[in-house]
Amino acid sequence: MILAIESSCDDTSISVMEIETKKLIFHKKISQEVEHSKYGGVVPELASRLHAEALPKILTECKSYFDNLKAVAITNAPGLSVTLQEGVMVAKALSISLNLPIIAVNHLIGHIYSLFIEKEEIKPMMVLLVSGGHTKLLNFNGIDNICEIATTLDDSFGESFDKVAKMLGLGYPGGPVIENLAKKGEIVVDLPLPLKNSPDIKFSYSGIKNAVRLAIESGNYKNEDIAASFQKKAIEHLVFMSKRAIKKYRPKNFAIVGGASANLVLRSEFEKLSEEFNFNLYYPDMKFTSDNAAMIARAGIELYNKKRFINYKDLKVMPRVE
Ligand code: KG4
Ligand code: ZN
């Protein structure tokens, strides 16, 4: 079995997965959303302290598996440096005390492997990663063969939901609150479709965000109409750019991963695309869309099979490495 730890942002999670069968034996996650909500975003120092409390708590619950462990998988990049560090410290302590090799897992690759929890991987596949920290289109053809097609020039998709929610005083995280509020609203606010005249495949969310800010400041619109109009345009931009990439690469398989892949309006828009362009569409199970250690264990197994081990002395956090 492999034990995996995730602490890159505001979720503390540990999982245990069987290497051969990829069966998830243990999985627990303690989310800090409530604690950060009143600040309208994640406060790194607070997050770090809460990880330090939660990690040992969860670890004691999976002690019975320690004798069966072959390796420890740990998210060491990208993320908040002070929170990554908490998980890395625990991984090092486990490695030293149980004499286990360490597997360093990139959080973004972890999100891709959220698709394959208790499943075999599917490749090749185009992947849209939409989280709080990233908005990327990737061509995935196995763990060592991932090419970036597009990324964001500024804010990420999830982050723009968080910022709009903050402007409306709705707390953190913004994604689920905005999605809910949008159900009651009408599309009446005129917002720009970013980069529509540029020939490139790129994302940008700062323009929509600023237009939303002006709409709020005008006092002319109801919150639910702001939410509905913003969500529509934010998703339209994802679809617009993804369509360009789909026309260029003609993927047979397409997946949406990351925290924002939980958005049902987003899912239904991509279902329409999948019919138009005839590809198979995949998402992670709802419970694995946001950050979790099960996806880290699953990616860790791929690296375990390639014997991609790292000594605890060489393990470092790399907050900005993507
Ligand atoms: O993957 P994740 O849990 O953490 C990062 O790696 O960033 O993603 C969290 C992000 C937050 O920005 C949150 O607002 C967004 O995902 N999110 C959503 C929805 N649920 C979560 N965005 C849009 N619609 C949702 N339903
Ligand atoms: Zn994430």
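In which helix is the place of Asp162? In this predicted model, Asp162 belongs to helix H5, which covers residues 157-167. According to an unreviewed UniProt entry, Asp162 is also part of the feature "binding site", together with Leu129, Val130, Ser131, Gly132, Gly133, Gly175, Glu179 and Asn263.

Asp162 counts as buried because it has 23 C-beta neighbours inside 10 Å, and a residue needs 20 or more of them to be called buried. Leaving aside residues up to four places away in sequence, Asp162 touches Gly41, Gly132, Tyr172, Pro173 and Gly174; of these, Gly132 is listed in the UniProt feature as well.

A second residue from that record, Gly175, is found in helix H6, made of residues 174-182. With 27 C-beta neighbours inside 10 Å, Gly175 is therefore counted as buried. When residues up to four places away in sequence are again set aside, the contacts of Gly175 are with Gly158, Phe161, Gly259, Ala260 and Asn263, and Asn263 is another position that the record includes in the binding site.

Further along the chain, helix H8 (residues 223-249) and helix H9 (residues 264-277) have axes that come within 10 Å and cross at roughly 30 degrees. Because angles under 35 degrees count as roughly parallel, H8 is described as roughly parallel to H9, and their crossing is right-handed. From H8, the contact is made by Gln231, Ile235, Leu238, Val239, Ser242, Lys243 and Ile246, while H9 contributes Val265, Leu266, Glu269, Leu273 and Phe277. Sorted by character, the residues of this contact comprise 8 nonpolar, 2 polar and 2 charged ones.

Key: Residues are numbered from 1 along each chain as its sequence is written. Chains are lettered from A and ligands numbered from 1 in the order in which they are written. This is a predicted model: local features need pLDDT of at least 70, side-chain atom pairs count only at pLDDT 80 or more; totals for chains, interfaces and linings use all residues. UniProt positions are given in the numbering used here, feature names are shortened, and annotations may be inferred rather than shown by experiment. Helices (H or I, at least four residues) and strands (E, at least two) are DSSP runs, numbered from the N terminus. A residue is buried if 20 or more other C-beta atoms lie within 10 Å of its own, exposed if 12 or fewer, and partly exposed in between; C-beta atoms are placed from the backbone. Two residues are in contact if their C-beta atoms, placed from the backbone, lie within 7 Å. Axes are lines fitted to C-alpha atoms, for helices over the stretch in contact, and angles run from 0 to 180 degrees between N-to-C directions. Angles under 35 degrees count as roughly parallel, over 145 as roughly antiparallel, 65 to 115 as roughly perpendicular and the rest as oblique. A crossing is left-handed if the near helix is turned anticlockwise from the far one by less than a right angle, and right-handed if clockwise. Ala, Val, Leu, Ile, Met, Phe, Trp, Tyr, Cys and Pro count as nonpolar, Asp, Glu, Lys and Arg as charged, and the others, Gly among them, as polar.
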